Every structure is written in C-alpha cells, then in structure tokens.
Amino acid sequence: MSTAAAANLCYARSSTISASLGTPAPSNSASFRPRLIRNVPVQAAPVAPALMDAAVERLQTGFQKFKTDVYDKKPDLFEPLKAGQAPKYMVFACADSRVCPSVTLGLEPGEAFTVRNIANMVPAYCKNKYAGIGSAIEYAVCALKVEVIVVIGHSCCGGIKALLSLKDGADDSFHFVEDWVRIGHPAKMKVKKECSSLSFDEQCAVLEKEAVNTSLQNLKTYPFVTEGVANGTLKLVGGHYDFVSGKFDTWEL
C-alpha cells in the first residue's frame with residue numbers, strides 16, 4: 001500500500017470514530033487532528049516472579065490446610081455434594097475482600113448460591129442487559145428452588161461511595177464501574193433528599209442500606225421471583241454487615 005493510500009485509510013478510520021462520538025468529520029484532512037479520548041495506561045505494573053510464585057504458593061498452602069482441616073474431616077458434608085447441590089439461600093454480596101459471606105455468616109459449602117459484585121447490586125429485570133445476574137437469579141429460583149434471597153450491604157463500601165460521588169454530566173473514570181453502580185440511583189436520590197443535612201460519610205452509611213432496598217425492589221421485577229414470593233415459597237431479606245463495629249442487621253421490606 002502506498003503512503004498516500006495509507007494516509008487516506010487512517011483518515012477514513014479517524015473520521016468514522018470522530019463521527020461516532022458526535023463530532024463532525026472534517027472536510028479537510030490537512031487540518032484534522034483526532035481528539036484525545038483517554039491517555040491513561042490500563043496495564044498493571046509487572047509483578048516480580050518471586051512475588052508471583054509466593055502468591056500462587058499461598059493459594060496452594062491455603063487449599064492444603066482446607067483439605068486437611070475441613071474436607072478430609074467432614075465426609076458427611078462433602079460426599080452428598082458430589083451428587084448435586086440444594087442450597088437454601090441465594091446471597092448477593094459485595095466483591096469487597098473484607099466481606100466474604102461464607103466466612104462472616106458461617107455458611108457451609110452447599111448452603112448458599114452466591115453472587116458477588118460491586119456494591120452487591122441487583123439490577124431490574126431486563127433480557128438485554130445484565131444477563132449474568134438474571135440467569136443466576138433464574139437458576140437459583142427455578143432450578144435450585146432456593147427459599148431465601150439475601151442482599152447484603154456493608155460498611156465502608158467503595159461502590160456506594162462511587163455512587164454517591166457521581167456528578168451529572170461528568171465523564172466516567174472507569175470503563176464499567178459508574179454505569180454499574182447507577183443501578184442504585186433511586187436509592188441515591190432518596191438519601192440526597194431525606195439526608196441532605198448529613199455529612200458525605202453519614203450519607204454513605206445510610207445509602208449502604210437504602211441501596212439494598214433498591215435491589216430488593218428490583219428482585220420483584222423478575223416474574224419467577226414475584227411468583228415465589230406470592231406463593232410463600234420464597235422470601236426476600238436485606239442485610240448489612242458493619243465490620244467496623246462488628247454488627248449484622250437483617251430486615252424484610
């Protein structure tokens with residue numbers, strides 16, 4: 001390909017990108033300079049081989065301790081699980097490393113079908129978006145026949161802080177985070193209206209629970225959840241784990 005042809009191809013691609021972003025394509029290629037959208041490195045810094053080896057070794061050591069102290073000592077628990085699962089709970093919890101629900105609630109393997117995500121949010125029913133969450137709820141309710149769905153918020157939640165910090169019209173800093181936490185927008189608006197006199201941190205503490213309520217309401221938009229609640233075969237429960245004070249609260253709407 002000639003230099004001129006390559007230049008024309010690059011200009012055509014730049015014009016297409018610019019037009020897709022809502023900026024008119026320039027009529028004169030000589031005066032065109034593409035707009036810089038983002039210039040932040042996304043790759044992580046290289047990890048030293050020794051640190052990587054130590055991290056992997058930590059996982060192997062952890063598993064060996066689990067196998068020796070738990071798996072090998074509880075055949076009555078693990079043998080039936082080889083044939084299938086029949087959990088009583090479905091748990092939505094935050095991906096925060098400080099709030100593992102199996103540890104904090106003492107749940108044994110096989111007891112809880114668990115979904116963890118940023119700020120433990122449940123989106124409303126939509127077949128064209130968030131299918132991963134929808135499929136998990138459908139499988140838990142329709143196939144596994146769980147009896148309780150619990151949505152658990154927690155103290156010092158970074159996702160909730162991100163939600164409360166969102167400014168209308170401001171550019172997103174992440175590829176996915178802001179769009180995801182906007183699921184809790186109704187809760188944010190309620191807290192902003194009813195708790196305007198509180199500090200930012202105090203509003204966050206209220207929003208941690210109010211966002212759980214929004215997720216519980218969103219669960220009711222799934223037809224199979226609504227049917228289970230109406231039939232009395234399914235219960236929806238909100239929870240909040242405060243690891244600062246060591247408290248766990250539960251409630252029903």
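Which residue in E4 does isoleucine 152 stand opposite? Hold on to that one for a moment, everyone, while I set the scene. What you have in front of you is a predicted model. The protein chain has 253 residues, and 31% of them are buried. Its secondary structure comes to ten helices and five strands.

Let me start with the sheet. The five strands form an open sheet in the order E2-E1-E3-E4-E5, and the pairing is mixed. At the edges sit E2 and E5, residues 247-251, each pairing on one side only. From one strand to the next, the twist averages 20 degrees.

Now back to my opening question. E3 pairs with E4, residues 235-242, in the parallel sense, and seven bridges join them. The residue that isoleucine 152 stands opposite is glycine 239, in E4.

Next, have a look at helix H5, residues 131-143. How far apart should its ends be? With 13 residues at 1.5 Å a residue, we expect a span of 18 Å, and the end C-alpha atoms are 17 Å apart, which agrees. The buried residues of H5 are Ile133, Gly134, Ala136, Ile137, Ala140 and Val141. Looking down the axis of H5, you find those buried residues within an arc of 160 degrees, so they line one face of the helix. Turned away from that buried side are the exposed residues Ala131 and Gly132.

So what covers the buried residues of H5? The cover includes strands E1 (89-94), E2 (112-117) and E3 (148-154), along with helices H7 (177-181), H9 (200-219) and H10 (223-231). Just a small detail on the backbone: H5 is followed by lysine 145, which has a positive phi, near 60 degrees.

H9 deserves a closer look too. This helix lies across E1, E3, E4 and E5, and runs at about 155 degrees to E3.

That brings me to the core. The largest nonpolar core has 48 residues, and those with the most contacts inside it are Met90, Phe92, Ile137, Ile149, Leu219 and Val225. H9 gives the most to this core, with six residues. If you'd like one residue to click on, try valine 225: leaving aside residues up to four places away in sequence, it touches Ile137, Val141, Ile149, Leu219, Leu234 and Leu236. Two of the names there, Ile137 and Val141, you will remember as buried residues of H5.

One last number for the whole chain: of the contacts between residues at least 6 apart in sequence, 66% join residues at least 24 apart. Thanks for listening!

Terms used: Residues numbered from 1 in each chain as written. Predicted model: local features only at pLDDT ≥ 70, side-chain atom pairs only at ≥ 80, totals over all residues. Heavy atoms only, no water. Helix = DSSP H or I, 4+ residues; strand = E, 2+ residues; numbered from the N terminus. Expected span 1.5 Å × (residues − 1). Buried < 20%, exposed > 50% of the residue type's maximum accessible area, 1.4 Å probe, protein only. Arc of directions from axis to C-beta. Contact = heavy atoms within 4.5 Å. Pairing = 2+ DSSP bridges. Axes fitted to C-alpha atoms, helices over the stretch in contact; angles between N-to-C directions. Core = buried A, V, L, I, M, F, W, Y, C linked by side-chain atoms within 4.5 Å.
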